[in-house]
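I keep these entries as a record of what I looked up, in the sequence and in the coordinates, and of what I found there.

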Amino acid sequence: MTCRQLGGACDKEFSAATFEEISEQSKQHSIEMYKLADNAHLEAMKEMQNLCKDPSDYQKWFQQKRAEFNAL
């Protein structure tokens, strides 16, 4: 899956055996982009923060991403 598919802002590809592993890779990439003050990623992070304000919306999004991962 790509950063963009996981809610990010670029086409960096991640590969893992489990959704938890790919989520961790995405998280580490986000931390790197935050440290670099990458504007596109910072905007994507704001959108994710807004999504996280409502736990049910976030859970729905998370399950959708897990299903997308499993389909691949």
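I started at cysteine 10, which is buried, with a relative accessible area of 18%, the cut-off for that word being under 20%. I note at the outset that the model is a predicted one.

**Entry: the cysteines**

How far is the sulfur of cysteine 10 from the closest cysteine sulfur? I find 3.8 Å, the partner being cysteine 3, and since a disulfide needs its two sulfur atoms within 2.5 Å, I record this pair as too far for a bond. I then turned to cysteine 52, whose closest cysteine sulfur is again in cysteine 3, but at 15 Å, which is also too far for a bond. Cysteine 52 is partly exposed, and its relative accessible area is 41%. By the distance rule I therefore enter a count of zero disulfides.

**Entry: histidine 29**

I next looked up histidine 29, which has its place in helix α1. Is this residue buried or exposed? Its relative accessibility is 6%, so I count histidine 29 as buried. Leaving aside the neighbours within four places in sequence, I list Cys3, Cys10, Lys12, Phe14 and His41 as the residues in contact with histidine 29, and I note that Cys10, one of these, is the buried cysteine with which I began.

**Entry: α1 against α2**

The contact of histidine 29 with His41 led me to the pair of helices as a whole. Helix α1 spans residues 19–35 and helix α2 residues 39–52, and their axes come within 8 Å and cross at roughly 125°. An angle from 65 to 115 degrees would count as roughly perpendicular and one over 145 as roughly antiparallel, so I describe α1 and α2 as oblique to each other. The crossing of these two helices is left-handed. Which residues make the contact? On the α1 side I find His29, Ser30, Met33 and Tyr34, and these meet His41, Leu42 and Met45 of α2. Sorted by class, the contact of α1 with α2 has four nonpolar and three polar residues, and no charged ones.

I followed methionine 45 further, a residue placed in helix α2. Methionine 45 is partly exposed, with a relative accessible area of 21%, a value I set beside the limit of 20% under which a residue counts as buried. Not counting residues up to four places away in sequence, methionine 45 touches Ser30, Met33 and Tyr34. I also checked methionine 45 against glycine 8, and between their C-alpha atoms I find 7.3 Å in space for a separation of 37 residues in sequence.

**Entry: the loop between α1 and α2**

In the loop between α1 and α2 I stopped at alanine 37. Alanine 37 has a positive phi, about 55°, although it is not a glycine. I recorded this angle because most residues other than glycine have a negative phi. Alanine 37 is partly exposed, at a relative accessible area of 45%.

**Entry: α2 against α3**

Helix α3 covers residues 55–71, and α2 packs with α3 at an angle of about 120°, the axes being 6 Å apart. I therefore call α2 and α3 oblique to each other as well. Met48, Leu51 and Cys52 of α2 make the contact with Pro55, Asp57, Tyr58 and Trp61 of α3. By class I enter six nonpolar residues, no polar ones and one charged residue for the contact of α2 with α3.

**Entry: α1 against α3**

How do the axes of α1 and α3 lie to each other, roughly perpendicular or roughly parallel? They come within 10 Å and cross at roughly 115°, and I therefore note α1 and α3 as roughly perpendicular. In this crossing α1 passes α3 in a right-handed sense. From α1, Phe19, Glu20, Ile22 and Ser23 meet Phe62, Lys65, Arg66 and Phe69 of α3. The residues of the contact of α1 with α3 divide into four nonpolar, one polar and three charged.

**Entry: glutamate 32**

My last look was at glutamate 32, which is found in helix α1 and is partly exposed, with a relative accessible area of 46%. From glutamate 32 to lysine 60 I find 26 Å in space, C-alpha to C-alpha, with their positions 28 residues apart in sequence as the separation.

Conventions
Residues numbered from 1 in each chain as written. Predicted model: local features only at pLDDT ≥ 70, side-chain atom pairs only at ≥ 80, totals over all residues. Heavy atoms only, no water. Axes fitted to C-alpha atoms, helices over the stretch in contact; angles between N-to-C directions. Helix = DSSP H or I, 4+ residues; strand = E, 2+ residues; numbered from the N terminus. Parallel < 35°, antiparallel > 145°, perpendicular 65-115°, else oblique. Left-handed = near helix turned anticlockwise from the far one by under 90°. Contact = heavy atoms within 4.5 Å. Nonpolar A, V, L, I, M, F, W, Y, C, P; charged D, E, K, R; others polar. Buried < 20%, exposed > 50% of the residue type's maximum accessible area, 1.4 Å probe, protein only.
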